[in-house]
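Dear colleague,

I am passing on the structure we spoke of, together with notes on what turned up when it was examined. Please read the notes with the structure open beside you.

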Amino acid sequence: MTSKQKLRPDARPEVLDWISLVALFPLFLTKWSLAFLFSNQKSLHWRQNCALTFLRTQRSIFPTPLLRWLVRRVSTGSTIKDYCSKHKIAHQIVTLPASSTELHPALLPPAVLHILTLGNVEAKSRSGKAPTLLYFHGGGFVNPLRSPHMPFILACGHSVRAQQIIILEYSLAPEHPYPAQLIQCVASVSYLMCTSSGLGISAEDIILAGDSAGGTLVGSVLSHIQNPSPYAPRLQMKSGEEFQAAVMISPFVRLHKESMDSPTGSYKMNEKRDYLTRIQVDEFGEAWKGDEKEVWANLCGVEGADKVWQAVFQGKGGVRLVKKLFITVGTAEVFLDDCRFFGGESYANTQTVIAKQEKSKDWTEELGSGERIMVECEGEAHVQAVLDAALGYRDGVMTRAIMTWLKTL
């Protein structure tokens with residue numbers, strides 16, 4: 001398998017890949033069963049271990065082009081449409097105008113917004129309206145939203161008692177590399193807030209949320225508002241106006257080879273605990289082509305980024321853009337060190353909560369007391385809450401922390 005094949009997630013699998021799938025399936029079942037039985041992550045529920053060992057075994061056995069093609073067979077839009085139809089959720093599609101900029105002349109496909117109406121009206125934000133949850137999905141900028149995302153996103157919307165959830169269907173790399181996703185995310189936020197040609201929603205009624213690469217895009221939008229990029233139009237905020245909240249679940253915040261290569265860092269220490277690997281992160285990065293010299297891609301790995309984030313979250317040297325910030329990361333994640341770095345005093349300056357595997361623990365008071373919270377979830381892996389939702393498991397640490405915090409808004 002060549003490196004070129006690895007970086008083409010859109011490529012159809014070859015005949016030999018299908019033969020490999022059939023031939024290797026018995027080996028996969030055997031290895032998965034053994035990995036599950038002898039898992040060393042005993043603090044996790046058996047369903048969590050089942051999902052983690054499945055993903056690790058799957059990626060160690062089957063050819064990458066085949067797995068990528070299987071993931072990308074169904075688009076984000078089709079997944080959302082099918083889920084809403086099956087569960088009788090009101091669903092509206094809005095296609096935003098295609099756009100180009102001086103520094104990004106290639107015309108991008110139009111961004112598509114999927115509006116899911118929940119009808120919660122009893123919860124009021126500061127403006128007296130039920131909030132809107134704008135969600136950016138993960139997938140390394142390469143993969144579409146997958147069905148396990150849907151029950152998780154819906155649970156988030158119900159926990160915050162949102163009137164509607166809006167999911168952005170953004171263009172995927174490598175066909176559309178950086179800054180395509182940033183441009184479309186900015187366009188989606190602009191549409192939500194625009195009173196003349198959009199929905200006219202006040203920033204204080206908007207919650208920005210995303211997992212993994214989607215968490216990165218939450219940061220990309222906020223850094224663009226504070227420090228406008230040349231790729232997308234400026235987003236003007238009214239004086240004193242703030243987003244109600246930003247939620248970043250296992251975000252990819254730093255393109256930093258030294259932290260990745262450290263023998264004592266989380267990439268190395270958690271390489272056998274997380275299902276996400278350094279090799280996969282590198283593959284996603286090569287496809288996405290995020291510029292490591294720009295804060296809109298490398299959130300906390302460039303010179304001057306500290307000043308941007310101090311302004312975004314604390315109003316130091318600028319205008320504060322977010323009333324409340326919530327970050328989650330699992331202690332078994334390869335991203336653990338980078339999330340800690342981003343949550344440090346020089347950047348987001350979060351209050352860290354260590355959440356252990358205690359089902360009886362009530363975090364309402366602890367999580368609701370601060371404006372900027374980062375929760376480290378004991379023993380859990382990358383976007384564990386999404387994996388848990390796929391198996392209908394609601395007692396995971398990350399899941400309970402997220403839902404508890406959202407209910408405090």
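Is Thr 328 buried or exposed? Bear in mind that this is a predicted model, and that what follows was computed from it. Thr 328, which lies in strand β7 (residues 325–330), is buried, its relative accessible area being 0%. Leaving out residues up to four places away in sequence, Thr 328 touches Met 248, Ile 249, Ser 250, Pro 251, Val 375, Met 398 and Ile 402. From Thr 328 to Ser 346 there are 18 residues in sequence and, C-alpha to C-alpha, 18 Å in space.

Ile 402 also appears in the lining of the largest cavity, together with Leu 133, Tyr 135, Cys 156, Ala 209, Val 247 and Leu 406. The elements giving two or more residues to that lining are β3 (132–136) and α16 (397–407). The lining consists of 7 nonpolar residues, with no polar and no charged ones. The space in this cavity comes to about 30 Å³, and the count of cavities of 30 Å³ or more is 1.

Next, helix α7 (residues 180–193), whose 14 residues should span 20 Å at 1.5 Å a residue, a figure with which the 20 Å between its end C-alpha atoms agrees. Because 12 of the 14 residues of α7 are buried, the helix is largely enclosed by the rest of the structure; among the buried residues are Leu 182, Val 186, Tyr 191 and Met 193. Two of the residues of α7, Leu 182 and Val 186, are in contact with His 224, which, leaving aside neighbours within four places in sequence, also contacts Ser 229, Ala 232, Pro 233, Arg 234, Leu 235 and Trp 296. His 224 itself is found in helix α8 (residues 213–226) and is buried, with a relative accessible area of 0%.

The loop between β4 (164–169) and α7 holds Pro 174 and Pro 179, and both deserve a look at the backbone. The peptide bond from Ala 173 to Pro 174 is cis, with omega near 5°, and the bond from Tyr 178 to Pro 179 is likewise cis, with omega near 10°. As background, most peptide bonds are trans, and most residues other than glycine have a negative phi.

On the matter of phi, there are two residues to check. Asn 349, although not a glycine, has a positive phi of about 55°; its place is in the loop between α13 (336–342) and β8 (351–355), where Asn 349 is partly exposed, at a relative accessible area of 26%. Val 383, also not a glycine, has a positive phi of about 35° and lies in the loop between β9 (372–377) and α15 (384–390), but Val 383 counts as buried, at 6% relative accessibility.

Lastly, the cysteines: how many disulfides are there? The count comes to 0. For Cys 339 the closest cysteine sulfur is that of Cys 300, and the two sulfurs, being 8.5 Å apart, are too far from each other for a bond, given that a disulfide requires the sulfur atoms to be within 2.5 Å. Cys 377 is in no disulfide either, since its nearest cysteine sulfur, that of Cys 339, is 10 Å away. Cys 339 is buried, with a relative accessible area of 1%, and Cys 377 is buried as well, at 0%.

With best wishes

Conventions
Residues are numbered from 1 along each chain as its sequence is written. This is a predicted model: local features need pLDDT of at least 70, side-chain atom pairs count only at pLDDT 80 or more; totals for chains, interfaces and linings use all residues. Side-chain values use heavy atoms; hydrogens and water are left out. On a 1 Å grid over the protein atoms alone, a cavity is a set of points where a 1.4 Å probe fits but cannot get out, and a pocket is an open set with protein on both sides within 12 Å along at least five of seven lines; lining residues have an atom within 4 Å of a point. Grid points are joined across faces, edges and corners, and a volume is the space filled by probe spheres set on the points. Helices (H or I, at least four residues) and strands (E, at least two) are DSSP runs, numbered from the N terminus. Ala, Val, Leu, Ile, Met, Phe, Trp, Tyr, Cys and Pro count as nonpolar, Asp, Glu, Lys and Arg as charged, and the others, Gly among them, as polar. Buried means under 20% relative accessible area, exposed over 50%, partly exposed in between (1.4 Å probe, protein chains only). The expected span of a helix is 1.5 Å times one less than its number of residues. Contact means heavy atoms within 4.5 Å.
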